[in-house]
Amino acid sequence: MGFTLDWPQIITNYLDRHYIDQFDDINKLSGEVKFPKSRKDPRTIVMQQERLRFAVEIFNSHGGGGFPRTVLDIGCYPGIFSRLLKSIYGDKIDLRGAGLLLPSHFKKIMAERYGMHFYDVNLDPFIHFQELETVKEIPFKIACSEREFDFVFGTEIIEHLLTPDIFISEIFRILRPGGKAFITTNNLTIPKNILALLKGGGEFPMTETDLTAERSLWRPHVHIYSLPEITRLFRAKGFKVQMSGFYDDGYDKWWVREWKKDLLVRGVLYPLRRLVPFTRPNIYLLVQKPA
C-alpha cells in the first residue's frame with residue numbers, strides 16, 4: 001500500500017531543488033570532501049534521475065502489507081537518495097542511514113534537517129587498512145537490534161565489496177520477518193564488459209592486494225555481477241527473490257537526445273537495450289526475508 005505519485009514531476013522538482021546544490025552545501029560547511037565537477041554534468045543528472053525514480057517507485061509499490069515504517073539506507077553518503085525519500089514521505093517513515101566513516105558534518109546536516117540517525121559500520125572488514133586505525137575501530141555489524149527494519153536499501157553498494165556475504169547477512173539479520181530489501185548494482189553482461197572479456201581483459205574480481213595498494217579509503221568497483229550470480233548469493237542467505245531484472249540508468253536517453261544524428265546510438269545501441277534486456281547497464285533485486 002503506497003501513495004499515488006507523479007514521478008516525473010517529483011523527481012524533476014527534487015533535482016532542481018537539491019541535486020546541484022547539495023554538494024556545495026556540504027562542502028561549504030566542511031572542507032573534508034570535494035566532489036568533482038562531473039557530478040553536475042547533465043549526463044550524470046539524467047542518470048541519477050532515472051535511478052532515483054526507479055528505486056522510489058519500487059519502494060512505493062512493493063513495500064509490503066502496510067507502508068514500511070522503519071527504513072535503512074546503506075551507503076547513504078552523500079545523501080541524494082535519503083533527501084529524496086524524506087522530501088516525499090517526511091515523517092511517514094523512520095529513515096536511518098549506515099556507512100563507513102560518514103563525515104561528521106554530513107551526519108549533523110542530515111540529523112538537523114531530516115531527523116536521521118546514522119550507524120557507522122564496516123560491512124567489508126576483510127579489506128584491511130593497516131595504517132588507518134579509525135577503520136579498525138568501526139564495528140562489523142550495524143548497531144541495532146535484530147528484526148528492526150521493514151525495508152532496506154542497498155543501491156550501488158555490493159559492487160564495492162570484496163566479501164559480500166557480510167553485507168547480505170546483515171541485511172537479513174536486521175529485517176523483520178516479511179521485511180524487504182532493494183538492491184541495485186552494475187551489470188556484468190553489458191556489451192562493453194563482454195567485449196573486454198573476449199579480448200582477454202577485465203579487472204574483476206579484484207583482490208585485497210589490489211585495493212590496499214591504493215592506500216585510500218575509496219573502494220572502487222571490486223566485483224561486477226551477472227543477474228543469476230547475485231540472485232544465488234541472496235537465496236543462499238535465506239532470502240526469497242520477489243523481483244529481479246535489468247534497468248536503464250537514463251544515459252541512453254541522454255545519448256539519443258544529444259546525438260540525434262549518431263546512427264550507432266539511434267540505430268544500434270538504443271534499440272539493443274530495448275530488445276535484449278541483459279544488455280542494460282544495471283540489475284536489481286527485490287528480496288524478502290521469509291515470515
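Is strand 2 (residues 94-99) largely enclosed by the rest of the structure or left exposed, and why? I started there. I kept in mind that this is a predicted model.

**Entry 1: strand 2**

I looked up burial along strand 2 and found five of its six residues buried, so the strand is largely enclosed by the rest of the structure. Next I checked its partners. Strand 1 (residues 70-74) runs parallel to strand 2, and five bridges join them. Within that pairing, Leu-72 has Arg-96 of strand 2 as its bridge partner. I then traced the connection. From strand 1 the chain passes through helix 3 (residues 80-89) to reach strand 2, a right-handed β-α-β crossover.

Strand 3 (residues 117-120) also pairs with strand 2, again in the parallel sense, over four bridges. I noted Gly-99 opposite Asp-120 of strand 3. Here too I followed the link: strand 2, helix 4 (residues 104-114) and strand 3 form a right-handed β-α-β unit.

**Entry 2: helix 3**

How many of the 10 residues of helix 3 are buried? I counted nine, so this helix is largely enclosed by the rest of the structure. The buried set is Ile-80, Phe-81, Ser-82, Arg-83, Leu-84, Leu-85, Lys-86, Ile-88 and Tyr-89. I noticed that charged residues are in that list, including Arg-83 and Lys-86. I also looked at the exit from the helix. Gly-90, just after helix 3, has a positive phi of about 55 degrees.

**Entry 3: the whole sheet**

I stepped back to the sheet. It is open, holds seven strands in the order 3-2-1-4-5-7-6, and has mixed pairing. Which strands stand at the edges? They are strand 3 and strand 6; each has a single partner strand, so one side of each lacks a neighbour in the sheet. From one strand to the next, the twist averages 15 degrees.

I then checked what lies over the strand 6 end of that order. Helix 9 lies across strand 5 (175-186), strand 6 and strand 7 (282-288). Its angle to strand 7 is about 20 degrees.

**Entry 4: salt bridges**

How many salt bridges does a search of the whole structure find? The search gives nine. I went through some of them.

Lys-107 and Asp-120 meet through their side chains, at 3.0 Å from N to O. Lys-107 belongs to helix 4 and Asp-120 to strand 3, so this pair ties together parts that are 13 residues apart in sequence. I checked exposure at both ends. Lys-107 is partly exposed, at a relative accessible area of 23%. Asp-120 is partly exposed as well, at 30%. Asp-120 is also the residue that Gly-99 stands opposite.

I looked next at Arg-147 and Glu-146. Their closest N and O atoms are 3.4 Å apart in a salt bridge. Arg-147 is partly exposed at 48% relative accessibility. Glu-146 is partly exposed at 47%.

Asp-165 and Lys-237 came next. Their salt bridge has its closest N and O atoms 3.9 Å apart. Where do the two ends sit? Asp-165 is in helix 6 (residues 164-174), while Lys-237 is in the loop between helix 9 (227-236) and strand 6 (240-247). The pair links distant parts of the chain, 72 residues apart. Asp-165 is partly exposed at 39% relative accessibility, and Lys-237 is partly exposed at 30%.

I also found a network. Asp-94, Arg-96 and Glu-148 are joined by salt bridges that share partners. Arg-96 brought me back to strand 2, where it is the bridge partner of Leu-72.

**Entry 5: whole-chain figures**

I closed with totals. The chain has 11 helices and seven strands. Of its 291 residues, 48% are buried. I looked up contacts between residues at least 6 apart in sequence, and 76% of these join residues at least 24 apart. The chain exposes about 14300 Å². Carbon and sulfur atoms supply 56% of that area.

Methods:
Residues numbered from 1 in each chain as written. Predicted model: local features only at pLDDT ≥ 70, side-chain atom pairs only at ≥ 80, totals over all residues. Heavy atoms only, no water. Buried < 20%, exposed > 50% of the residue type's maximum accessible area, 1.4 Å probe, protein only. Pairing = 2+ DSSP bridges. Right-handed = clockwise from strand over helix to strand, strands pointing away. Salt bridge = Lys/Arg side-chain N within 4 Å of Asp/Glu carboxyl O. Contact = heavy atoms within 4.5 Å. Areas by Shrake-Rupley, 256 points an atom, 1.4 Å probe, with all protein chains shown as cover. Axes fitted to C-alpha atoms, helices over the stretch in contact; angles between N-to-C directions.
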